[in-house]
Amino acid sequence: MGRFKIKKADLFIDMTPMSDVMLLLLTFFLMAGTFTKPEPVQVQTPKSVSEIQIPSTDIMTIFLSAPNKDNPNAVPDIYINLDNAPLVNKLAEKIKTLPMCGNIKKADIESFKETQSIKVTIGEMVADRGSQDDATTDSQFKQIIKAVRGMYNEINKAMTPDAKGETHERNLRIAIKSSKDTPYSTIKLVMNSLQDIQENRYNLLTELKSRPTE
């Protein structure tokens, strides 16, 4: 007796809806995602076991370039980066009025609005920080940081209480990012300058070092 042959149906899966979904997801992430701006200075930070993370907003980062091989004691290039774009635009206009910032080029100030980073001078390396003259010396570095601190103070003064009658102040966090080969004397110059303007709280950015397994 002959057997009936069952005709196999072609397995065809329409992938058009899947392609549409993938395209919509890709469009969503492109529109909603935030692209990280390139850093003004590429440095290899030192390693540490600290897992403390700094906030992602209201952060001012001080970048120090890698040491000069020909002159290790030279003051490195120093950049100030501010993450808040509206405050960057306001600061860019204020920089033009700061006495020590008159020699900053207009093109650099306009570039600051786009990159959110600006190169500043901090002064010369000094052997003795105990002299009164050095302690009161101003610089672009100090004036710009004081200007940013003043803007945050104005923001906090203008804040209105919420439904519970509480106000949540916005605090500026300062972070220093430098190369692992940067001499301590250079880091100390930056920290001393911050201390001169009563900025005594800041973070040193490091790369997480893996803990030894027991």
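Student: Where does Q198 sit?
Tutor: Q198 is in the loop between helix 6 (184–196) and strand 6. Helices (H or I, at least four residues) and strands (E, at least two) are DSSP runs, numbered from the N terminus. This is a predicted model, where local features need pLDDT of at least 70, side-chain atom pairs count only at pLDDT 80 or more, and totals for chains, interfaces and linings use all residues. Residues are numbered from 1 along each chain as its sequence is written, and side-chain values use heavy atoms, with hydrogens and water left out.

Student: Is Q198 buried or exposed?
Tutor: Q198 counts as exposed, because its relative accessibility is 62%. The cut-offs for relative accessible area are under 20% for buried and over 50% for exposed, with partly exposed in between (1.4 Å probe, protein chains only).

Student: What about the phi of Q198?
Tutor: Phi is near 65° for Q198. That is a positive value in a residue other than glycine.

Student: And what is the phi of D58?
Tutor: About 55°. D58 is not a glycine either, yet its phi is positive.

Student: Where is D58 found?
Tutor: In the loop between strand 1 (47–48) and strand 2.

Student: So is D58 buried or exposed?
Tutor: D58 counts as buried, because its relative accessibility is 11%.

Student: Let's zoom out. How many helices and strands does the chain have?
Tutor: There are six helices and seven strands. From the N terminus on, their order is α-β-β-β-α-α-β-α-α-β-α-β-β.

Student: How many of the 214 residues count as buried?
Tutor: 30% of them.

Student: Which residues do the contacts join?
Tutor: Take the contacts (heavy atoms within 4.5 Å) between residues at least 6 apart in sequence. Of these, 71% join residues at least 24 apart.

Student: Back to details. Where is S65?
Tutor: S65 lies in the loop between strand 2 (59–64) and strand 3 (78–82). S65 is buried, because its relative accessible area is 14%.

Student: What does the side chain of S65 reach?
Tutor: The backbone nitrogen of D77, at 2.9 Å.

Student: Which other residues is S65 in contact with?
Tutor: Leaving aside neighbours within four places in sequence, the list is V41, V43, P76, D77 and T182. D77 appears there too.

Student: New topic: helix 5. How many residues has helix 5, and what does it reach?
Tutor: Helix 5 has 19 residues. From its first C-alpha to its last, helix 5 reaches 27 Å. That is close to the 27 Å expected at 1.5 Å a residue. The expected span is 1.5 Å times one less than the number of residues.

Student: Which residues in helix 5 are buried?
Tutor: Near the start of the list come Q140, F141, K142, Q143, I144 and I145. A147, V148, M151, Y152 and N156 are buried as well.

Student: Pick V148. Where does V148 lie?
Tutor: V148 lies in helix 5, which covers residues 140–158. V148 counts as buried because its relative accessibility is 0%.

Student: What is V148 in contact with?
Tutor: M60, L82, L91 and L172, leaving aside neighbours within four places in sequence.

Student: And what separates V148 and L87?
Tutor: Along the chain, V148 and L87 are 61 residues apart. In space, 8.1 Å separates their C-alpha atoms.

How values were computed. A polar contact is a pair of N or O atoms within 3.5 Å; within protein, one must be able to donate a hydrogen and the other to accept it, and residues adjacent in sequence count only if both atoms are side-chain atoms.
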